[in-house]
Amino acid sequence: MNKLNYEKNTQTASYEMGETVFVLLTCTEEEDPESFYYFKQFEKKEGVILEVIEHPRLQYRVKFGQAEAVLYHEELTNGNQRDVPITVTDNKEGWEGDKVEWYTQKEVADLLGVSKATVYHYGKQKKIIKIRDPHRLHKEARYEKAEVDRLVYEKQSFPTGMSPNEVAKKLGLSVQSIYKYIQDGSIKAKAVPYGDERITYVISETDYYEAEKALKPSETQRPKKYEYYDSKNDIVLYQRFHSTKIPEARVVRNEDSVFGFYLPNIQKWLTYEEGIKNYSLKSSYSIHQPTLDYKGYVELQVPKNEVVFYPFIDYLYEIWGMENIRLREQNETVLLYVRAGEKPLISEVFGIADILPYLINGEMHHEYDTLILRSPYRKTSFELPIELLDRISKIAEQEEISISKWIELKLSSILK
């Protein structure tokens, strides 16, 4: 907390009346949005010094075309910037600082746990009172203490828990998916005010565990479509794209689980919109094929760093289609579930011998340019008392697996 004061400096070599100058951007939008946009309107424009204001800090009234601005010495350049160090800070007699206590913009941001840009919006919305500084005697905006303290008190009464972004990372989903699940009631959350007349959500620990149980797939479950497919943009994980500018781009998710493009040649990640708009990326093949009749799945686990990885992924998407594939990304490998069936395999890049080492469940054969996949499962039947079957059904439902899978796991544990 501070009290209003003004700063005084001693100039060593000021600009002169009529001298031509240009604005220097001395801060970023994130650091100080108000000053940033004030500077921005004069950026790259030639200005002329109309007045030198030497007290209490060295400033200039500068004319840019039809507009005028009051700027500090260090915010201007003529190609040979001159330093003017601040030497003294005094309390001005009769100044309102003896009456009003205040926080700097950074202090407000830290107290409320928001960005400086949000503090700026709070001031525009009159949620907090910004102290006027028409002569820009202070480099950072300041806000009256009373209103800030009120917001801090209100924030302390907000519900505690995780943000949608934190939940997204824990569940391995995109933030957009979390908001969608909140809207449709799949995730329970409490709405709290945030930023520019917006709201955000807080998910309690109890509600998170319920969401985790419903949405996070277990290791015994086959991958769910949202793990590898972005329905909004109709793209799948590791799908190949290209353009005249970019020979190869791959669909990947960033640390926030948002789908986008990775450009290997420049090692850069882009949002989907940037890839399409700025680089004219287009898919190298169609990812859709008719769904095969269900005859089980063949399972493979392929290391991401293997030479055959991308060619095999491209083959599966183009020939089998995403309708017949399930994919789960792991740290160093990718787990693939491919529907049992038969499809052509004519490739100059890889053969069955290159992918057979990664088969972990099922059968794989290559006959007459055809890849044949057979599920390791065989149908069987046995009778159980209705009461026991009901109990097994309830347990399997709670664990979010099928009855057959539950029985398989139990038998496997007994027979070990």
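Here are some numbered points on this predicted model, meant to be read with the structure open.

1. Let's start with the overall picture. The chain runs to 416 residues, 40% of which count as buried. Its secondary structure comprises 12 helices and 26 strands. If you take the contacts between residues at least 6 apart in sequence, 63% of them join residues at least 24 apart. The chain exposes about 24200 Å², with carbon and sulfur atoms supplying 50% of that area.

2. Next, the interior. The largest nonpolar core has 46 residues, and Phe312, Tyr317, Trp320, Leu327 and Leu336 have the most contacts inside it. Helix α9 (residues 309-320) gives this core its largest share, seven residues. Another core, of 16 residues, lies apart from it and includes Ala168, Val175, Ile203 and Tyr208.

3. Leu336 is a good residue to click on if you want to see the packing. Leaving out residues up to four places away in sequence, Leu336 touches Val298, Glu299, Leu300 and Val302, along with Phe312, Ile313 and Leu316, and also Ile325, Arg326 and Leu327.

4. Which aromatic residues are linked into a cluster by ring pairs? They are Tyr238, Phe309 and Tyr310. The structure holds 14 aromatic pairs. One of them, between Tyr238 and Phe309, is edge-to-face, with 5.2 Å centre to centre and 85° between the planes. This pair links distant parts of the chain, 71 residues apart: Tyr238 sits in the loop between β14 (235-236) and β15 (240-242), while Phe309 belongs to helix α9. Both Tyr238 and Phe309 are buried.

5. Tyr238 deserves a second look for its backbone. Its phi is near 75°, a positive value in a residue other than glycine. For context, most residues other than glycine have a negative phi. Tyr238 counts as buried because its relative accessibility is 4%, under the 20% cut-off.

6. Two further residues can be checked in the same spirit. Asp369 is not a glycine either, yet has a positive phi of about 60°. Asp369 is found in the loop between β25 (363-367) and β26 (370-374), and its relative accessibility of 46% makes it partly exposed. Lys126, just after helix α3, takes a positive phi of about 70°. As for helix α3 itself (residues 116-124), its buried residues are Lys116, Thr118, Val119, Tyr120, Tyr122 and Gly123.

7. On to charges: a search of the whole structure finds 11 salt bridges. In one of them, Lys106 is joined to Asp110, with the closest N and O atoms 3.0 Å apart. Why are Lys106 and Asp110 separated by about one helical turn? Because they are four residues apart in helix α2 (residues 105-112). Lys106 is partly exposed at 46% relative accessible area, whereas Asp110 counts as exposed at 53%.

8. Other salt bridges span more of the sequence, and two are worth displaying. The side chains of Lys188 and Glu210 meet at 3.8 Å, N to O. Lys188 lies in the loop between α6 (175-183) and β11 (190-194) and Glu210 in helix α7 (residues 205-215), so this salt bridge ties together parts that are 22 residues apart in sequence. Glu210 is partly exposed, with a relative accessible area of 43%.

9. The second is the salt bridge of Lys304 with Glu329, where the closest N and O atoms are 3.3 Å apart. Its partners come from distant parts of the chain, 25 residues apart: Lys304 in the loop between β20 (297-303) and α9, and Glu329 in strand β21 (residues 325-329). Both count as partly exposed, Lys304 at 24% relative accessibility and Glu329 at 34%. Elsewhere, Glu51, Arg61 and Glu68 are joined into one network by salt bridges that share partners.

10. Finally, the surface. Phe382, Leu384, Leu388, Leu389 and Ile403 form a nonpolar patch there, and together they have about 380 Å² of accessible area. Ile403 belongs to helix α12 (residues 403-415). Is Ile403 buried, partly exposed or exposed? With a relative accessible area of 30%, Ile403 is partly exposed.

Notes
Residues are numbered from 1 along each chain as its sequence is written. This is a predicted model: local features need pLDDT of at least 70, side-chain atom pairs count only at pLDDT 80 or more; totals for chains, interfaces and linings use all residues. Side-chain values use heavy atoms; hydrogens and water are left out. A nonpolar core is a set of buried Ala, Val, Leu, Ile, Met, Phe, Trp, Tyr and Cys residues joined through side-chain atoms within 4.5 Å. Buried means under 20% relative accessible area, exposed over 50%, partly exposed in between (1.4 Å probe, protein chains only). Helices (H or I, at least four residues) and strands (E, at least two) are DSSP runs, numbered from the N terminus. Contact means heavy atoms within 4.5 Å. Patches are made of residues with over 30% relative accessible area and no salt bridge: like charges are joined within 9 Å, nonpolar side chains (Val, Leu, Ile, Met, Phe, Trp, Tyr) within 5 Å. Accessible areas come from the Shrake-Rupley method with a 1.4 Å probe; for residues, only the protein chains shown count as cover. A salt bridge is a side-chain nitrogen of Lys or Arg within 4 Å of a carboxyl oxygen of Asp or Glu. Rings of Phe, Tyr and Trp (its six-membered ring) pair if their centres lie within 6.5 Å; planes under 30 degrees apart count as stacked, over 60 as edge-to-face and the rest as tilted.
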